[in-house]
Amino acid sequence: MDGHPVAYSRSTITELMVPAYANFGGKIHGGTLLSLMDKIAYVCASKHAGNYCVTVSVDTVQFLQPAEVGEVVSLMGSVNYVGNTSLVVGIKVIAENVQSGVTKHTNTCYFTMMAKGPDGNKATVPPLILETDDDIRRFSSALARRQLRQEGLRKMEAYKADFRYNSDIDRLLADQRCVIRRK
Ligand SMILES: CC(C)(COP(=O)(O)OP(=O)(O)OC[C@H]1O[C@@H](n2cnc3c(N)ncnc32)[C@H](O)[C@@H]1OP(=O)(O)O)[C@@H](O)C(=O)NCCC(=O)NCCS
């Protein structure tokens, strides 16, 4: 079975945070970072797949610390997992103050991408060759996240299908910051 090692498609994007990327609070827009994450995910996924890829879903984006104007942001991406037609790219984002050399970890997240062939149909991706303990841990973690997501989706579908407004809901919402004014 042919395949590519994780290192084959590991990539980094580095970008200076210019004032045009700032939000009204003077920090970098979350959307700017998301756009950069989508790009690095595409680079890693399409290189591994040898095909065009589309973004399917994004897991656990957390903005742990803000990035500032003037900092240099580096996004490190690698393929953590491959299924049949999908790939999971793990992305770590670091912001560096270039004058002081101080770095901070602003984000880690996981993009699921799907490969498409020249005909526009789903394309099978090559296997991922795991060469290190970290590669194996990341692949296993992605598999666990995939199973948890599928289980979570099934539970939410069942919850929505079974939802009936009743006194249990009143009790559930009693401590929440909402006001029920049914019309
Ligand atoms: C993603 C999309 C192709 C799924 O189409 P589908 O025919 O339902 O595909 P499938 O259910 O067979 O899933 C294909 C793969 O994606 C994975 N997948 C589907 N939905 C997923 C989700 N919400 N999260 C993670 N993976 C998902 C499946 O597990 C499967 O992976 P595998 O082949 O490795 O086992 C379709 O929803 C789509 O085209 N979305 C738009 C994508 C796009 O254009 N993105 C750009 C942003 S606008």
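Q: Is strand 5 mostly enclosed or open to the outside?
A: Largely enclosed by the rest of the structure, because 8 of its 11 residues are buried. Bear in mind that this is a predicted model.

Q: Which strands does strand 5 pair with, then?
A: Strand 4 and strand 6. With strand 4 the pairing is antiparallel over 10 bridges, and with strand 6, also antiparallel, there are 11 bridges.

Q: Got some residue pairs for me to click on?
A: Sure. Leu-75 stands opposite Val-93 of strand 5, and Glu-96 has Thr-103 in strand 6 as its bridge partner.

Q: How many residues sit between the strands in those hairpins?
A: Strands 4 and 5 have 3 residues between them. Strands 5 and 6 have 6, and in that turn Gly-101 shows a positive phi of about 80°.

Q: Zooming out, what's the strand order in the sheet?
A: It goes 2-4-5-6-3, an open sheet of 5 strands with antiparallel pairing. Strand 2 (11-16) and strand 3 are the edges, each pairing on one side only. From one strand to the next, the twist averages 30°.

Q: And what packs on the sheet?
A: Helix 2, residues 30-49. Helix 2 touches strands 2, 3, 4, 5 and 6, and its direction makes about 40° with that of strand 4.

Q: Where does helix 3 lie?
A: Helix 3 (residues 133-162) lies across strands 3, 4, 5 and 6, at about 75° to strand 4.

Q: Switching to the core: which residues touch the most other members?
A: In the largest nonpolar core, which has 32 residues, those are Ala-41, Ala-45, Leu-87 and Val-89. Helix 2 and strands 4, 5 and 6 each give two or more residues, with helix 2 contributing the largest share at 8.

Q: What is Leu-87 in contact with, ignoring its neighbours within four places in sequence?
A: Among them are Ala-45, His-48 and Ala-49, plus Val-79, Met-113 and Val-125.

Q: OK, the ligand. Which element gives the largest share of the shell around it?
A: Strand 3, with 4 residues. Strand 6 (103-116) also supplies at least two.

Q: Which residues surround the ligand?
A: They include Val-54, Thr-55, Val-56 and Ser-57, along with Asn-84, Thr-112, Met-114 and Lys-122. By class, the shell has 7 polar, 3 nonpolar and 1 charged residues.

Q: How many bridges do strands 3 and 6 share?
A: There are 7, in the antiparallel sense. One pair to look at is Asp-59 with Tyr-110 in strand 6.

Terms used: Residues are numbered from 1 along each chain as its sequence is written. This is a predicted model: local features need pLDDT of at least 70, side-chain atom pairs count only at pLDDT 80 or more; totals for chains, interfaces and linings use all residues. A residue is near a molecule or strand if its C-beta atom, placed from the backbone, lies within 6 Å of it. Ala, Val, Leu, Ile, Met, Phe, Trp, Tyr, Cys and Pro count as nonpolar, Asp, Glu, Lys and Arg as charged, and the others, Gly among them, as polar. Two strands pair if DSSP finds at least two bridges between them. Axes are lines fitted to C-alpha atoms, for helices over the stretch in contact, and angles run from 0 to 180 degrees between N-to-C directions. Two residues are in contact if their C-beta atoms, placed from the backbone, lie within 7 Å. A nonpolar core is a set of buried Ala, Val, Leu, Ile, Met, Phe, Trp, Tyr and Cys residues joined through C-beta atoms within 7 Å. A residue is buried if 20 or more other C-beta atoms lie within 10 Å of its own, exposed if 12 or fewer, and partly exposed in between; C-beta atoms are placed from the backbone.
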